[in-house]
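Here's a quick tour for anyone opening this structure for the first time. Take a look at the sequence and the model, and then we'll walk through a few spots together.

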Amino acid sequence: MKVFFKINRIPPMRQDQLDGLVTFVAVAETRGFSAAAVRLGVSPSAVSQAVRLLEKRVGVPLFNRTTRSVNLTEAGARFLERIRPAVQELASASDELSDSAERPAGLLRLTVPRAAYLFVLQPALGGFLRAYPQIDVEVSIDSALVDIVGRGFDAGIRFGGMVERDMVAVKVGGPLANSIVAAPRYLAERGTPVHPRELLAHDCIGFRFESSGLLERWEFEKDGEAMTLAVSGRLVMNDVAVMLDAAVEGIGIANLISSYTERHVADGRLVQLLADWTTPLPDLTLYYPDRRRVPPKLRALIDWLRETTLSAPGVLLQGERAGGL
C-alpha cells in the first residue's frame, strides 16, 4: 500500500510583493498620510507614492481620500484585517532580533584545554552564569587546536604559541611555569636528579600532543644555560590530570604546570625537582575569528574574565597579543 503525504508549500512570491504593506498599515491606523509619515520617519509624498504603487499592484483602491480625511475602502478594510497580524509579527521578529544583537544572550560555545578550564574558566564561570542568566555556556575540553569557525565555536582558549595569526587574541589568566615533580617513593627507589641531564636516566612520564602526535620535549634554563631534552620513560599520556595521578603513584617523573602540582607538593605527595631550572610557559590566550563584530555574549565573557582575574589575588589579565577589541 502506498501512502501519499500532502506537503503545504509556501506559494512563490515576487520580490516586490511585500512592498508598501507597512506604509499601508500605518496610514490605516493613523487615518492620514501626514500622520503616517511622522510615524515612519519619511516624507508624506513618500507615503503617498508607496500607497499608490501598492494599490496599482493589488488592482483595487484601498483608501477613499478627501481633502479632510482618509478612510479605508471595503477592500482596504478586508486587506488590513488579513495583513495586520502578519506585519505586526514581522515587526516583532525584527525588534526581537535587533534586541538580541545588542543584549548578551544565547549559547556561548568554547573549546579549551583542561588547564584553561581549571585556571581561567572554572574560577569565573559560576559568577558569570549568575550575572548573565540569558547566556548558556557549552565547554568542550580539548587540547588539540581545532577550527573554531568550522566546528561552530564562538571562541577558544589555547597556549599563545598555538593560536593562528589571523585570530583576534587576548591573553587571559596569570603567568604559568613548569614544575618537575616526582613522588617520594619514586625518588627513594631511583634517586633524586640534581641536573636536567640526569633525567635522561630516569622514567619520565611523556606527554603526546594530539594535534601533531609529537612527544613533548622538556625545556630548562638557568644562568644563561638553556637546554631541551627528549626524555623517555615507560608511560606516555595525553592528559595532564592522569599524568598527575601517575606521578603521585610513583610511576615516574612528570613535567606539569606548577598550578597543578602546588597542592600535592605542599602536602608531601610530590617533591618539586630542579626548581632553579624551571622556565615560564606561554600565556593562555582567548581567541576568536572576527574583530569587527564581537557578539555581546562573547564580549560579556571577555569583560568578566578581565574583571575577575584582575581582582583575584596574584592573577593578572595580560594585554592583547593581536590588537584591540
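Which side chain does the side chain of asparagine 178 make a polar contact with? It's that of asparagine 255, at 3.4 Å. Keep in mind that this is a predicted model. With that said, here's the overall picture, followed by some places to zoom in on.

**The big picture**

- The protein's secondary structure adds up to 9 helices and 15 strands.
- Of the 325 residues in the protein, 37% are buried.
- Take the contacts with a separation of 6 or more: 72% of them come from residues 24 or more positions apart.

**Strand E7 and its partners**

- Strand E7 covers residues 176-182, and 6 of its 7 residues are buried, so the rest of the structure largely encloses this strand.
- Strand E12 (residues 254-257) pairs with E7 in the antiparallel sense, over 4 bridges. Within that pairing, isoleucine 180 has asparagine 255 as its bridge partner.
- Strand E13 (residues 271-273) is also antiparallel to E7, with 3 bridges. Here isoleucine 180 turns up again, with leucine 273 as its bridge partner in E13.
- Strand E14 (residues 280-281) pairs with E7 over 2 bridges, again in the antiparallel sense. Leucine 176 is matched with leucine 281 there.

**Back to asparagine 178**

- Asparagine 178 is part of strand E7.
- With a relative accessible area of 5%, asparagine 178 is under the 20% cut-off and therefore counts as buried.
- Besides the contact with asparagine 255, a polar atom of the asparagine 178 side chain lies 2.8 Å from the backbone nitrogen of threonine 279.
- Leaving out residues up to four places away in sequence, asparagine 178 touches Glu219, Asn255, Leu256, Ser258, Thr278, Thr279 and Leu281.

**Helix H7**

- Helix H7 runs over residues 240-248, and Met243, Leu244, Ala246 and Ala247 are buried in it. Looking down the axis of H7, you'd see its buried residues fall within an arc of 160 degrees, so they line one face of the helix.
- As background, an α-helix has 3.6 residues a turn, so residues three or four places apart point the same way.
- What covers the buried residues of H7? The cover includes strand E8 (206-207), strand E11 (236-237), E12 and helix H8 (258-266).
- At the N-terminal end, H7 is capped by aspartate 239, which has a side-chain oxygen 2.9 Å from the backbone nitrogen of alanine 241.
- After H7 comes glycine 250, with a positive phi near 85 degrees.

**Two loop residues with positive phi**

- Aspartate 223 isn't a glycine, yet its phi is positive, at about 50 degrees. You'll find aspartate 223 in the loop between strand E9 (218-222) and strand E10 (225-229).
- Is aspartate 223 buried or exposed? Its relative accessibility is 75%, so it counts as exposed.
- Leucine 274 is another residue other than glycine with a positive phi, near 50 degrees. Leucine 274 sits in the loop between E13 and E14.
- Leucine 274 has a relative accessible area of 8%, so it counts as buried.

**The largest pocket**

- How big is the volume of the largest pocket? It comes to about 840 Å³.
- The lining of the largest pocket is made up of 31 residues, and the closest to the centre are Phe159, Phe207, Phe209, Glu216 and Leu281.
- Helix H5 (114-131), E9, H7, E12 and E14 are the elements that give two or more residues to that lining.
- E12 provides the largest share of the lining, with 3 residues.

**Valine 51**

- Valine 51 is found in helix H3 (residues 44-58).
- The relative accessible area of valine 51 is 0%, so it is buried.
- Apart from neighbours within four places in sequence, valine 51 is in contact with Thr23, Val27, Phe33, Phe63 and Arg65.
- Valine 51 and leucine 62 are 11 residues apart along the chain, and their C-alpha atoms are separated by 8.3 Å.

Terms used:
Residues are numbered from 1 along each chain as its sequence is written. This is a predicted model: local features need pLDDT of at least 70, side-chain atom pairs count only at pLDDT 80 or more; totals for chains, interfaces and linings use all residues. Side-chain values use heavy atoms; hydrogens and water are left out. Buried means under 20% relative accessible area, exposed over 50%, partly exposed in between (1.4 Å probe, protein chains only). Two strands pair if DSSP finds at least two bridges between them. The arc is that of the directions from the helix axis to the C-beta atoms. Contact means heavy atoms within 4.5 Å. A polar contact is a pair of N or O atoms within 3.5 Å; within protein, one must be able to donate a hydrogen and the other to accept it, and residues adjacent in sequence count only if both atoms are side-chain atoms. On a 1 Å grid over the protein atoms alone, a cavity is a set of points where a 1.4 Å probe fits but cannot get out, and a pocket is an open set with protein on both sides within 12 Å along at least five of seven lines; lining residues have an atom within 4 Å of a point. Grid points are joined across faces, edges and corners, and a volume is the space filled by probe spheres set on the points.
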